[in-house]
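Me: I would like to learn how to read a fold from its model. Can we take the features in turn?

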Amino acid sequence: MQLSNSEEQLMQILWKQEKALMKDLIEAYPEPRPATTTVATLLKRMQDKKFVDYIQLGRSREYFPLVKKKDYFSKHVNGLIKNFFNDSSSQFASFFTKETNLSKTELEELRKIIDQEIKSK
């Protein structure tokens with residue numbers, strides 16, 4: 001399941017804070033901040049999608065993520081590779097290395113990462 005742009009923005013805040021009350025989430029937004037009802041609606045939708053949950057603290061709710069940022073990002077990237085690069089990691093790597101204008105140093109660092117991954121397989 002995927003998040004909308006506004007849900008993803010809120011999820012980014014929650015991943016950073018790890019757990020937060022509604023007021024903390026709203027304060028973390030840049031100006032102009034969304035209304036409390038807007039954030040409450042987003043949180044409810046995200047809870048229905050099993051991305052967040054909360055614990056009741058008196059009259060307040062402390063929200064926390066159920067999905068790790070790394071896991072969400074990994075699914076996103078894999079979906080991108082599948083949908084835009086014919087499920088070909090090499091096509092993605094070719095596009096990424098050519099279109100992002102990486103420096104020689106960055107490409108060498110990327111090569112080291114790939115070489116280490118090959119050794120661990």
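Reply: Start with one pairing. Strand 1 and strand 3 (residues 60-65) run antiparallel, joined by two bridges. Strands pair if DSSP finds at least two bridges between them. Helices (H or I, at least four residues) and strands (E, at least two) are DSSP runs, numbered from the N terminus.

Me: What should I know about the source?

Reply: This is a predicted model; local features need pLDDT of at least 70, side-chain atom pairs count only at pLDDT 80 or more, and totals for chains, interfaces and linings use all residues. Residues are numbered from 1 along each chain as its sequence is written, and side-chain values use heavy atoms, with hydrogens and water left out.

Me: Which residues stand opposite each other in strand 1 and strand 3?

Reply: Leu 21 has Glu 62 of strand 3 as its bridge partner. Ala 20 stands opposite Tyr 63 in strand 3.

Me: In what order do the strands form the sheet?

Reply: In a regular strand, side chains alternate between the two faces of the sheet. Here three strands form an open sheet, order 1-3-2, with antiparallel pairing. Strand 1 (20-21) and strand 2 (52-57) are at the edges with a single partner strand each, so one side of each has no neighbour in the sheet.

Me: How many bridges pair strand 2 with strand 3?

Reply: Six bridges, in the antiparallel sense. Asp 53 stands opposite Phe 64 in strand 3. Strand 2 and strand 3 form a hairpin with two residues between them, and Gly 58 in the turn has a positive phi of about 65°.

Me: Which other residues have unusual backbone geometry?

Reply: Most residues other than glycine have a negative phi, and most peptide bonds are trans. Lys 50 is not a glycine, yet has a positive phi of about 65°. Lys 50 sits in the loop between helix 3 and strand 2. Asn 86, just after helix 4, takes a positive phi of about 50°. The Glu 31 to Pro 32 peptide bond is cis, with omega near -5°. Pro 32 lies in the loop between helix 2 (22-28) and helix 3.

Me: At what angle do the axes of helix 1 and helix 3 cross?

Reply: Axes are lines fitted to C-alpha atoms, for helices over the stretch in contact; angles run from 0 to 180 degrees between N-to-C directions. The two axes come within 10 Å and cross at roughly 90°. Helix 1 and helix 3 are therefore roughly perpendicular (65 to 115 degrees). The contact (heavy atoms within 4.5 Å) includes Leu 10 and Met 11 of helix 1 and Leu 42 and Leu 43 of helix 3.

Me: Where does helix 3 (residues 36-48) lie on the strands?

Reply: Helix 3 lies across strand 2 and strand 3, at about 115° to strand 2.

Me: How many salt bridges are there?

Reply: Side chains of opposite charge can pair when their charged atoms come close. The rule is a side-chain nitrogen of Lys or Arg within 4 Å of a carboxyl oxygen of Asp or Glu. The count is six. One of them joins Glu 7 and Arg 45, with closest N and O atoms 2.8 Å apart. This pair links distant parts of the chain: Glu 7 is in helix 1 and Arg 45 in helix 3, 38 residues apart.

Key: Angles under 35 degrees count as roughly parallel, over 145 as roughly antiparallel, 65 to 115 as roughly perpendicular and the rest as oblique.
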